[in-house]
Amino acid sequence: LLYERLRGRHPELDQVAFVAVGACSDIPKALPVLAAMGIQACAIADLDFAFTEARKGQDPMIPKDDGALVRSKAILKRLQTQHRFPLGGNGLPMKDKQTGWQAADTWAVFAQDADGAQVSAGLHDALREQRVWIWKAGCLENVIGHEEKGEDAILAQESAIGAMDAATIEQVMPAIVHCFGWLDWVRAKAV
């Protein structure tokens, strides 16, 4: 819907398809399979992908114990004292049913911190080169300004986006514009 509102046409007319692969854990497996099938593909994921799935496997997209991970854990620990969010035994955000904190909420707090934003930007740039776009703000909901998740939230988001023109989307969601520009760059690079 965002693509259609910004570009004034369906993505299929630009030979673009948006496909949900299920979970971010499927991205590192899906990209090579699609490439082997001759399908040019890239991925869009939430920030937590850079700290979890991008570090798994024999040939991780980001080294398992790089400096960004060590620095991020220190930033999260510092932010935890102020915001009281839960961290798992690995030092990364986790869900807490008692308080209602979601890992995504913690990553949003992290991304708003100056040091966290710097780490997020570096990881964003590193993964972009590997055909993965991560939302530096945390997750898509942070980018589009709708914090709720679930079916009702999706319907509300679609309604709000459907009422916006391209200029409004460009103004209030510049990260979406940058993401679609990156998609154009990926497509042009492959030609």
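User: Taking buried as under 20% relative accessible area, exposed as over 50% and partly exposed as in between, which class does arginine 131 fall into?
Analyst: This is a predicted model. Arginine 131 has a relative accessible area of 28%, so arginine 131 is partly exposed.

User: Where is arginine 131 found?
Analyst: Arginine 131 lies in the loop between H5 and strand E2, which covers 132-134. Its phi is positive, at about 70 degrees, although arginine 131 is not a glycine.

User: And arginine 84, what is its phi?
Analyst: Arginine 84 has a positive phi of about 60 degrees, and arginine 84 is not a glycine either. Arginine 84 is placed in the loop between H3 and H4. With 62% relative accessibility, arginine 84 counts as exposed.

User: On to the helices. At what angle do H4 and H5 pack?
Analyst: Helix H4, residues 103-112, packs against helix H5, residues 114-128, at an angle of about 100 degrees, and their axes are 5 Å apart. An angle of 65 to 115 degrees counts as roughly perpendicular, and H4 and H5 are therefore roughly perpendicular to each other.

User: Which residues meet there?
Analyst: On the H4 side they are Phe110, Ala111 and Gln112, and on the H5 side Ala114, Gly116, Ala117, Val119 and Ser120. By class, five residues of this contact are nonpolar, three are polar and none is charged.

User: What sits in the loop between H4 and H5?
Analyst: Aspartate 113 is found in that loop.

User: Is aspartate 113 buried or exposed?
Analyst: Aspartate 113 counts as buried, because its relative accessibility is 15%. Apart from neighbours within four places in sequence, aspartate 113 is in contact with Ile75, Arg78 and Leu79.

User: What about H3 against H4, how do their axes cross?
Analyst: The axes of helix H3, residues 67-83, and H4 cross at roughly 105 degrees and come within 10 Å. H3 is therefore roughly perpendicular to H4. H3 contributes Ser72, Ile75, Leu76, Leu79 and His83 to the contact, while H4 contributes Thr106, Trp107, Val109 and Phe110. Six of the residues in this contact are nonpolar, three are polar and none is charged.

User: Different topic: how many disulfides are there?
Analyst: The count comes to zero disulfides. Cysteine 24 is in no disulfide, and the nearest cysteine sulfur, in cysteine 139, is 12 Å away. Cysteine 24 counts as partly exposed, given its relative accessibility of 26%.

User: Why is there no bond at cysteine 42?
Analyst: Its sulfur is 7.7 Å from the closest cysteine sulfur, that of cysteine 179, which is too far for a bond. A disulfide needs the two sulfur atoms within 2.5 Å. Cysteine 42 has a relative accessible area of 27% and is partly exposed.

User: How many aromatic pairs are there?
Analyst: There are nine aromatic pairs. In one of them, the ring centres of phenylalanine 18 and phenylalanine 180 are 6.1 Å apart with planes at 50 degrees, so that pair is tilted.

User: Which parts of the chain does that pair link?
Analyst: The pair links distant parts of the chain, with phenylalanine 18 and phenylalanine 180 lying 162 residues apart. Phenylalanine 18 is in the loop between helix H1 (2-7) and helix H2 (27-36), and phenylalanine 180 is in helix H9, residues 174-190. Phenylalanine 18 is partly exposed at 46% relative accessible area, whereas phenylalanine 180 is buried at 7%. Tyr3, Phe18 and Phe180 form one aromatic cluster.

User: Where is methionine 164?
Analyst: Methionine 164 is in the loop between helix H7 (151-162) and helix H8 (166-172). Methionine 164 counts as buried, as its relative accessibility is 17%.

User: What is methionine 164 in contact with?
Analyst: Leaving aside neighbours within four places in sequence, methionine 164 is in contact with Arg5, Ile169, Val172 and Met173. Arginine 5 is 159 residues from methionine 164 in sequence, yet the two C-alpha atoms are 7.5 Å apart in space.

User: Last one, aspartate 66: buried or exposed?
Analyst: Aspartate 66 is buried, with a relative accessible area of 18%. Aspartate 66 is located in the loop between strand E1 (43-45) and H3. Its C-alpha atom is separated by 39 Å from that of leucine 155, which is 89 residues apart from aspartate 66 along the chain.

How values were computed:
Residues numbered from 1 in each chain as written. Predicted model: local features only at pLDDT ≥ 70, side-chain atom pairs only at ≥ 80, totals over all residues. Heavy atoms only, no water. Axes fitted to C-alpha atoms, helices over the stretch in contact; angles between N-to-C directions. Helix = DSSP H or I, 4+ residues; strand = E, 2+ residues; numbered from the N terminus. Parallel < 35°, antiparallel > 145°, perpendicular 65-115°, else oblique. Contact = heavy atoms within 4.5 Å. Nonpolar A, V, L, I, M, F, W, Y, C, P; charged D, E, K, R; others polar. Buried < 20%, exposed > 50% of the residue type's maximum accessible area, 1.4 Å probe, protein only. Phe/Tyr/Trp six-rings, centres within 6.5 Å; stacked < 30°, edge-to-face > 60°.
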